Amino acid sequence: MLGVLIAAKAQAYVRERTPDGARQFLLGSDQENVHIRTLQGLVRDFNTARLRREHELGERYAANRS
């Protein structure tokens, strides 16, 4: 949650203090949905790490059961 807040503050700062061309380069053309894309990326990264860890623990458990 803290990461989302920091990203939102940084994006607001960039939006206010940079020319349009630089803003589009940094934030993309869809500047109104940057927060949503950031949150989606965080959730996707979390789920990827979670699934990787679940798989690792499942393999370890299966190896110990043998």
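Leu2, Leu5 and Ile6 together form a nonpolar surface patch of about 320 Å² in this predicted model. Of these residues, Leu2 lies in helix α1, which covers residues 2–17. Leu2 has a relative accessibility of 60% and is therefore classed as exposed, the threshold for that class being over 50%.

The protein chain contains three helices and zero strands, and its elements follow the order α-α-α from the N terminus. Helix α1 comprises residues 2–17, whereas helix α2 spans residues 20–27 and helix α3 spans residues 34–65.

The overall dimensions depart from those of a compact globule. For 66 residues, such a globule would be expected to have a radius of gyration near 11 Å, whereas the value computed for the protein chain is 19 Å. Along the principal axes, the C-alpha atoms occupy a box of roughly 65 × 20 × 15 Å. Of the 66 residues in the protein chain, 14% are buried. The accessible surface amounts to about 5,500 Å², and carbon and sulfur atoms account for 59% of this area.

Confidence in the prediction varies along the protein chain. The mean pLDDT of the chain is 82, with 94% of the residues scoring at least 70. Among the elements, helix α3 has the highest confidence, with a mean of 90, and helix α2 has the lowest, with a mean of 75.

Key:
Residues are numbered from 1 along each chain as its sequence is written. This is a predicted model: local features need pLDDT of at least 70, side-chain atom pairs count only at pLDDT 80 or more; totals for chains, interfaces and linings use all residues. Side-chain values use heavy atoms; hydrogens and water are left out. Patches are made of residues with over 30% relative accessible area and no salt bridge: like charges are joined within 9 Å, nonpolar side chains (Val, Leu, Ile, Met, Phe, Trp, Tyr) within 5 Å. Accessible areas come from the Shrake-Rupley method with a 1.4 Å probe; for residues, only the protein chains shown count as cover. A salt bridge is a side-chain nitrogen of Lys or Arg within 4 Å of a carboxyl oxygen of Asp or Glu. Helices (H or I, at least four residues) and strands (E, at least two) are DSSP runs, numbered from the N terminus. Buried means under 20% relative accessible area, exposed over 50%, partly exposed in between (1.4 Å probe, protein chains only). pLDDT is the predictor's confidence in each residue, from 0 to 100. The radius of gyration is taken over C-alpha atoms; the globule rule is 2.2 Å times the number of residues to the power 0.38.
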